[in-house]
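Me: Please show the structure, and then let us go through it by question and answer.

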Amino acid sequence: MNEQEFQNLAKDSPFQDSPVMPNMLEGDTSIQFRCHRNVKCWNACCSNIDIPLTPYDILRLKNRLKISSAEFLQEYTFPFEMDKDGLPGVKYKPVDGGSACRFMVEEGCSVYEDRPSACRYYPVALLSMRRSDEYTDRTGYALVQEAHCLGHQEDRKITIEDYRTEQGVNDFDEKSRGWRQLILKKKSAGPAIGKPQQMSNQLFFMASYDLDRFRAFVMSPSFNESYVIAVETMAELVADDEKLMAFGFDFLRHALFNEKNLEERDGAYDKHRARLNERAQKIRAGFEQDREKLEELKYSPDARPGDCECGGNE
Ligand code: SF4
Ligand code: SF4
């Protein structure tokens, strides 16, 4: 990989906003780093956070906390835009009035076994790139060297690959690969293709982050009128968060990029249009009823000056 490719790769990464310019690193590169309870900077990195979350991060955390995805998003995250077209991302929301992570305790991380991918990687950052003429994505790494982090002064050398294994990153990368590829595909597709409009962004948000709402969507009559889903597959999607998440990535590729990952039912488009028309007619009828009620009130013999709250005849 040459320097220009690396700069493109750094530019395209969803984790590009590092406070430190990254150096180009391969998996077999050795870094000098160790973090442990006795470093003087203990918890410094968790005291000032800027952590984007992947769908799998959210899945792990909401299940650990035994709350729904909607509750997790509401309580622990805030939205941000991942690109100029407003592709939605979510980041950890810090403590009220501060910058520390809500899961930081004196002993360290209170959700350590389920901490997000970015926390596991730190001080390494994962960078992904896909060129428009390539089918698969490529990865590289960068080292984030922040002044407050004294782990770089510890006497331990370790390759990035071994560090990834030590931190249990592989599983997280594997489960989020489909989602990263979606983001890269969108970015490399150019402005006209796959450009998310408001509806696309809402779908992307729901299928990526709000897994429990996405499950309800997949189980809804309108979804099942549109797509053919085998009974066994549907049972798995209902029962298994990880399968549902992976299905969500396929669904997004189908919905946003017209990749035929799902089998559509015959006439699904016409039925969809008919449903929209029916809904529009109901809304129109509601408006009409409200308007008629207002007219009736206006000319009601019981109406007195002042009923309109304007103070009478003035
Ligand atoms: S989740 Fe844990 S490791 Fe990550 S910022 Fe919060 S306290 Fe630190
Ligand atoms: S050594 Fe770095 S990663 Fe470890 S606690 Fe200190 S600032 Fe955080």
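The exchange below takes up the core, the sheet, the ligand shell and some backbone features.

Me: On what basis are features reported, and how are residues numbered?
Reply: This is a predicted model, in which local features need pLDDT of at least 70 and side-chain atom pairs count only at pLDDT 80 or more, while totals for chains, interfaces and linings use all residues. Chains are lettered from A and ligands numbered from 1 in the order in which they are written, and residues are numbered from 1 along each chain as its sequence is written.

Me: Which helix gives the largest share of the largest nonpolar core?
Reply: A nonpolar core is a set of buried Ala, Val, Leu, Ile, Met, Phe, Trp, Tyr and Cys residues joined through C-beta atoms within 7 Å. A residue is buried if 20 or more other C-beta atoms lie within 10 Å of its own, exposed if 12 or fewer, and partly exposed in between, with C-beta atoms placed from the backbone. The largest such core has 49 residues, and Val124, Ala125, Tyr141 and Leu252 have the most contacts inside it. Its largest share, seven residues, comes from residues 241-257, a DSSP run (H or I, at least four residues, for helices; E, at least two, for strands; numbered from the N terminus) named helix H11.

Me: With which residues is Val124 in contact, leaving aside neighbours within four places in sequence?
Reply: Contact requires that the C-beta atoms of two residues, placed from the backbone, lie within 7 Å. Val124 is one of the core residues with the most contacts inside the core. Apart from its sequence neighbours within four places, its contacts are Tyr141, Leu143, Ile160 and Tyr163.

Me: Which strands stand at the edges of the open sheet, and why is one side of each left without a neighbour?
Reply: Strands pair if DSSP finds at least two bridges between them, and the three strands here are antiparallel in the order S2-S4-S3. Two bridges join S2 to S4 (residues 88-92), and five bridges pair S3 with S4. Each edge strand has a single partner strand, so one side of each lacks a neighbour in the sheet; the two are S2 (52-53) and S3 (77-81).

Me: Which residue in S4 is the bridge partner of Phe78?
Reply: Pro52 has Lys91 as its bridge partner in S4. The bridge partner of Phe78 in S4 is Lys91.

Me: How many residues around ligand 1 are charged?
Reply: Residues count as near the ligand if their C-beta atom, placed from the backbone, lies within 6 Å of it; among them are Cys46, Phe103, Arg115 and Cys119. Ala, Val, Leu, Ile, Met, Phe, Trp, Tyr, Cys and Pro count as nonpolar, Asp, Glu, Lys and Arg as charged, and the others, Gly among them, as polar. The shell has nine nonpolar residues, no polar ones, and, as charged residues, one.

Me: What is the omega of the peptide bond from Tyr122 to Pro123?
Reply: Pro123 lies in the loop between helix H4 (117-121) and strand S7 (124-129). The bond from Tyr122 to Pro123 is cis, with omega near 10°.

Me: Is Asn258 buried or exposed?
Reply: Asn258 is placed in the loop between H11 and strand S11 (263-264). Its phi is positive, about 60°, although Asn258 is not a glycine. Because Asn258 has 10 C-beta neighbours inside 10 Å, it counts as exposed.
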